[in-house]
Amino acid sequence: MNPLKKLFQQTFIYGLATVLPRMISFILVMIHTGAMMPNTYGDVSLVFAWFAIFNVVLAYGMETAFFRFFHKEDDKDLVVSTSLISILLSTISFATIAFLFKNTFSSLLEVNPTIGALIIGILALDALTVVPFAWLRAKERPIKYSIVKVVSVAINFGLNIFLLITLPKLANGNSESYWAKIYIENFQPEYVFIANLVASAVALLWICGLYFDNSYRFSKILLKKMLKYALPVMIAGIAFTINEVVDRILLSKLISPENVAKTEIGMYSACYKLAAFMTLFGTAFRLGVEPFFFSHAETENPQKTYAHITTYFVIIGSVIFLGVLVFANPLKELFIRDEAYWEAMKIVPIVLLASFCLGIYHNLSVWYKVTDKTRFGAYISSIGAILTLLINFIFIPKYGYLASAWATLIAYGSMMCLSYYLGRKHYPIPYNMRKIFFYSFIAIGFALISFYGFNRNLIVGSLLLLVFLGLIYKLEGDKLKKIFLKSES
């Protein structure tokens, strides 16, 4: 089979595991914003920001290191068992210490001890799935990977509906009923995390067989090499996570009074969700392309293939960017029904473009991953994190969440440009920059015309989108048909 066709097929399957959960998360925005006021939703958003940071630390780059050494080492079983032992010991250590100092941990996150205990459980369960999920991807089993992800999110979704919508109705309908006895008023944040805990437990139970079907051989030398490779990845991940979520934390600290800060975080987080259309595409593409990058690193002239992949990413990403902004109003009315949140819609073009830059950056980052120069990923992400922190610290007091949106765009745009510049020196890839600039600039120009020039007029925006799609079909139709229709044995 044509390797590019195989890549896009796997990306499509991984996309289901990414798109469906993201679509469900959109619906959860409807549920959460309907069940909670913006300030309470702001509290929940802050906790999820901390989630992202802890998840990176507890995974400590092991996923990427697993891919690299699984394809690099002859004894693949040793790679699997060493990785499992490492993640198992680190997770047990974290959970034990965190539960012993649960009150301190809860104070750090500014939550009550009940939510603190739920967070510890979710973090531990999610950490234990890192290697099993990486193993499924390395073995090119995207269908099982996707099924587990989708079922887990469906359980989370179902429990959110029951706990936040159905249970209150059942309890209020009959004060003497069983439901009234188990229902707790003003417990919405706790219910959200209970649903997450159950979903994470189901996911781990489904794929925990790898922990039992293993020889548990351990190589201290191999682990040392893997950790040396993974450490820069973890630093890059922390820096990336700072770019992603620290704005919520800083908004809570730099805006006063507290209720105003939480309300702004709630509005900002809800409208930020509309950028997830780009994020989910970038994530699905990365899930499919990362194993592909490593498995083709030793083939003849892989740089040419990498260049083609990035071009197609930009073309598809440009369509998504323009499409989301053209349909911004219908999407807003569908997923964020409470008008109290709509004030922050002005950030959508900014954060959407930021997510586009991030997706391009992930494609460009192939050069330091296949050459084992992951330290450059740490350098680049750290520069992005510094920019994020500086811009937020300086401008949040005056411009609020708008400063956070611009900080995200500037950080990801800078990371993208730095990766391209350094990649040209260390691992030259013949990117078709003329084509990349052509499609991305037209998409951005059309989007600005639609969103700002015509105030999100749906008819004008739709016509511009059709013109852009027609242009792509005219210039790229034959090549895209070859990728998706041609099969080689």
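Start by selecting A270 in this predicted model. Is A270 buried or exposed? Its relative accessibility is 0%, and buried means under 20%, so A270 counts as buried. Now colour the stretch around it: A270 sits in helix α13, which covers residues 258-272.

Which residues does A270 touch, once its neighbours within four places in sequence are set aside? Select V29, T33, Y41, I336 and Y341, and you have them. Pick I336 from that group and draw a distance between its C-alpha atom and that of A270: you should read 7.1 Å. Along the chain, A270 and I336 are 66 residues apart.

**Zoom out to the whole chain**

Contacts across the sequence can be counted for the whole chain too. Among contacts in the protein chain with a separation of 6 or more, 83% are between residues 24 or more positions apart. Switch to a cartoon view next. How many helices and strands does the protein chain have? There are 22 helices and 0 strands. Of the 489 residues in the chain, 55% count as buried.

**An enclosed helix**

Now select residues 62-72, which form helix α3. Why can this helix be called largely enclosed by the rest of the structure? Because 8 of its 11 residues are buried. To highlight the buried residues of α3, choose M62, T64, A65, F66, F67, R68, F69 and F70.

**Out to the surface**

Turn on the surface display. The protein chain exposes about 21600 Å², and carbon and sulfur atoms supply 65% of that area.

For a nonpolar patch, select I386, L390, F393, I394, F395 and Y399; together they make about 620 Å² of surface. Click on F393, which belongs to helix α19, residues 375-399. F393 has 46% relative accessibility, so it counts as partly exposed. While you have a helix on screen, here is a handy rule: an α-helix has 3.6 residues a turn, so residues three or four places apart point the same way.

**Last stop: a patch of charge**

Finally, select K76, K139, R141 and K144. Which charge gathers here on the surface? These residues form a patch of positive charge. One of them, K144, lies in helix α8, which spans residues 142-173. With a relative accessible area of 31%, K144 is partly exposed. Return to A270 to end the tour, and you can compare that partly exposed lysine with the buried residue where you began.

Key: Residues numbered from 1 in each chain as written. Predicted model: local features only at pLDDT ≥ 70, side-chain atom pairs only at ≥ 80, totals over all residues. Heavy atoms only, no water. Patch = residues over 30% accessible without salt bridge, like charges linked within 9 Å, V, L, I, M, F, W, Y side chains within 5 Å. Areas by Shrake-Rupley, 256 points an atom, 1.4 Å probe, with all protein chains shown as cover. Salt bridge = Lys/Arg side-chain N within 4 Å of Asp/Glu carboxyl O. Helix = DSSP H or I, 4+ residues; strand = E, 2+ residues; numbered from the N terminus. Buried < 20%, exposed > 50% of the residue type's maximum accessible area, 1.4 Å probe, protein only. Contact = heavy atoms within 4.5 Å. Lys, Arg positive; Asp, Glu negative; His and termini not counted. Charge placed at Lys NZ, Arg CZ, Asp CG, Glu CD.
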